[in-house]
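Please open the structure in your viewer and keep the selection tool at hand. The tour below goes from one selection to the next and says what to look for at each stop.

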Amino acid sequence: MAGLESAYLLDWVHLNVGGTCFLTTKATLCKRRESFLHRLVCDDPDLSSAKDESGSYLIDRDPAYFSCILNYLRHGKLILNKDLVEEGVLEEAEFYNLPDLVQLAKERIQLRDQSGPRNSSINHVYRVLQCQEGELSQMLSTLTDGWKCKQVKRRTIEWRIPFASSQILSMSQYSYGSGDQGDFLVVMSKDVTHMRSDSSPTIEQTEKAKEMLDRGARS
């Protein structure tokens, strides 16, 4: 009897998931007795199922994520291709009634969200604008696109050219309002997300930018 049961579990099963054909064993599909797939191949009378003309079980789900489901049943690990996301695995795991995989996907999502965007870093970009006193209120009230005012300082000779041209990566712009007659310097900042690559180092806030902010704070 045990030999017959082993032979039964080694039978190969054809599945048609969203138009993509998969081939696996009954032993793999029966790893979790409470799952949809176990009930499907064991011909659960309470579960309606259909087959295509070749005899494959028809499942109307996303085939891209079904590979993750099969691999989890095979070796108990969640492996994602680079074009798949954890939320998709969670959705499919809930449909196939795989509670352990549901929990694993939720833990992956939580870990990902805590660590921030993958392959990216947030950098502080600064912009210094010079304007006359009458233009100051209007300029501050119309800041858009994530820019925030960090400091407003009456212009002095000491601050006339606070950044060298080589620091343009951290200073996006240094411009004047009306010619060279501005009365105030406005320091603005913005958080910009840069995608990392092995060949491109992360752009960081320059020492000159820090020095300018520290100088303003002490004055």
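Over the ring of which residue does the charged end of Arg-61 sit? Select Arg-61 together with Phe-95, and you will find that the charged end of Arg-61 sits over the ring of Phe-95, 4.1 Å from its centre; a charge sits over a ring if NZ of Lys or CZ of Arg is within 6 Å of the ring centre and within 35 degrees of the ring normal. Another case is Lys-51, which lies over the face of Tyr-57 at 4.7 Å from the ring centre.

Before going on, note that this is a predicted model, in which local features need pLDDT of at least 70 and side-chain atom pairs count only at pLDDT 80 or more, while totals for chains, interfaces and linings use all residues. Residues are numbered from 1 along each chain as its sequence is written, and side-chain values use heavy atoms, with hydrogens and water left out.

Keep Phe-95 selected and add Phe-36. The centres of these two rings are 5.2 Å apart and their planes are at 45 degrees, so the pair is tilted; rings of Phe, Tyr and Trp (its six-membered ring) pair if their centres lie within 6.5 Å, and planes under 30 degrees apart count as stacked, over 60 as edge-to-face and the rest as tilted. Because Phe-36 lies in helix H3 and Phe-95 in helix H5, the pair ties together parts that are 59 residues apart in sequence (helices, H or I with at least four residues, and strands, E with at least two, are DSSP runs numbered from the N terminus). Phe-36 is buried, with a relative accessible area of 16%, whereas Phe-95 is partly exposed at 32%; buried means under 20% relative accessible area, exposed over 50%, and partly exposed in between (1.4 Å probe, protein chains only).

Next, select Phe-66 and Tyr-96, whose ring centres are 5.6 Å apart with planes at 55 degrees, so this pair is tilted. Phe-66 lies in helix H4 and Tyr-96 in the loop between H5 and H6, so the pair ties together parts that are 30 residues apart in sequence. Adding Phe-22 to your selection shows the cluster that ring pairs form from Phe-22, Phe-36, Phe-66, Phe-95 and Tyr-96.

Finally, turn to the largest nonpolar core, which has 31 residues, and where Phe-66, Ile-69 and Tyr-96 are among those touching the most other members. A nonpolar core is a set of buried Ala, Val, Leu, Ile, Met, Phe, Trp, Tyr and Cys residues joined through side-chain atoms within 4.5 Å. Helix H4 gives the most to this core, with 7 residues.
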